[in-house]
Amino acid sequence: MQVRRVVLNSRPGKNGAPVPENFRLEETILSPDLQDGDVLVRTLYLSVDPYMRCRMNEDTGADYMTPWQVSECLDGGGVGLVESSRCSTCNEGDVVTSFSWPWQTHAVMKGSVLQKVDPQLADGHLSYFLGVVGLTGLTALLGVREKGHVIKGANQTMVVSGAAGACGSIAGQVGRLDGCVRVVGICGSNQKCKALVEDLGFTAAVNYHQEDISVKLKEFCPDGIDVYFDNVGGDISDTIIAQMNKGGHVILCGQISQYNKDVPYPPPLSEKTQETLQMRNITRERFIVLKYMSKADAALFELSQCIKSGQIKVLETVVNGIENMGDAFCSMMKGGNIGKQIIKI
């Protein structure tokens, strides 16, 4: 069987921004002969995510992430259809997903790394298994629940950076549903601001390219900030933390503004921001969703119910064709997506 795949053509360097030329499309031959435990899958959707920038380096900087190897097929979140199987847990016609799905049009995978999913859980939208009813949704929901300490009736204000991205767009809605009276998003375009407020129910949104974040936060958060869902780090986070209340909570989810720099993760804070955290007793603990997988099934069911009821709205940016994986990844790293960046194969 002839298949197409995407390999790592070159590394951007620890301090370099990724470019489409770092990725290469190849054609290869896949043997359909399966060994015991093998499953032949047809890829339907693939995901690109900010954490993958770390995997482009020789050292990812995190013990739970392995680096991609030059000239080898890349992998990440994927969903597809079982075409044949020699695994007792997977049958022909099953919809399956995995965190380590090869960037190939077809692949032979071990059934042990595949999870069978019910399309009804995603209300028929199979791409949602890579987003809101997948690891992204879990990160948003459990991040808010485990580290945000949102209390109904407590008049809390939440700010979300990277708010129009896959995780931030869900996290803000979870904060609103859990009881925050104000949810303010930080994003990079007027179109994204409009989507956050009109489509997702955010109280307000700030375009950091055109507006003064500090001034706007004082306007939109008159009682200060209690919960901050941090997806970006850097100067934006310093500005937000400066307006946080005593006893507030930072949910340290991602630091996308720092991923093209040779710095440790999480990157060190400025001395002024560190003093603010200490003086105001603000918690800032790294959140790794993989440590909370015992709560995954219940959380995914809750997210599914919220989608079906319309309480959570889903935004996606869909690009067609495996040949566009590199372009889609680089666009996502520059904020070109609204909601989850998906590649339809």
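How accessible is Glu323: buried, partly exposed or exposed? Glu323 counts as partly exposed, at 41% relative accessibility. This is a predicted model, and here are some friendly notes on its salt bridges and cysteines.

1. Let me start with the overall picture of charged pairs. Searching the whole structure turns up 16 salt bridges. The points below walk through some of them, with the surroundings of each partner.

2. Glu323 is worth a look together with its partner. It pairs with Arg4 in a salt bridge whose closest N and O atoms are 3.4 Å apart. The two residues come from distant parts of the chain, 319 residues apart: Arg4 sits in strand β1 (residues 2-8), while Glu323 belongs to the loop between β14 (316-320) and α9 (325-333). Like Glu323, which is partly exposed, Arg4 counts as partly exposed, with a relative accessibility of 31%.

3. Next, please turn to the helices. Asp178 and Arg145 meet through their side chains in a salt bridge, at 2.6 Å from N to O. Because Asp178 lies in helix α3 (residues 166-178) and Arg145 in helix α2 (residues 135-148), this pair ties together parts of the chain that are 33 residues apart in sequence. The partners fall into separate accessibility classes: Asp178 is buried, at 16% relative accessible area, whereas Arg145 is partly exposed, at 35%.

4. Another pair to check is Lys216 with Glu211. Their closest N and O atoms are 3.8 Å apart, and the two form a salt bridge; the cut-off here is 4 Å. Lys216 is partly exposed, with a relative accessible area of 21%, and Glu211 is likewise partly exposed, with 26%. For Lys216, note that buried means under 20%.

5. Charged residues also join up beyond simple pairs. Arg5, Arg24 and Glu26 are linked in a network of salt bridges, so you may like to view these three together when you have the model open.

6. Finally, the cysteines. How many disulfides does the model contain? The count comes to zero. Cys54 takes part in no disulfide, and the nearest cysteine sulfur, belonging to Cys253, is 12 Å away. Cys54 itself counts as buried, at 13% relative accessibility.

7. Why is Cys180 not bonded to Cys221? The closest cysteine sulfur to that of Cys180 is the one in Cys221, and at 11 Å it is too far for a bond; a disulfide would need the sulfur atoms within 2.5 Å. Cys180 is buried too, with a relative accessible area of 7%.

Technical notes: Residues are numbered from 1 along each chain as its sequence is written. This is a predicted model: local features need pLDDT of at least 70, side-chain atom pairs count only at pLDDT 80 or more; totals for chains, interfaces and linings use all residues. Side-chain values use heavy atoms; hydrogens and water are left out. Helices (H or I, at least four residues) and strands (E, at least two) are DSSP runs, numbered from the N terminus. Buried means under 20% relative accessible area, exposed over 50%, partly exposed in between (1.4 Å probe, protein chains only).
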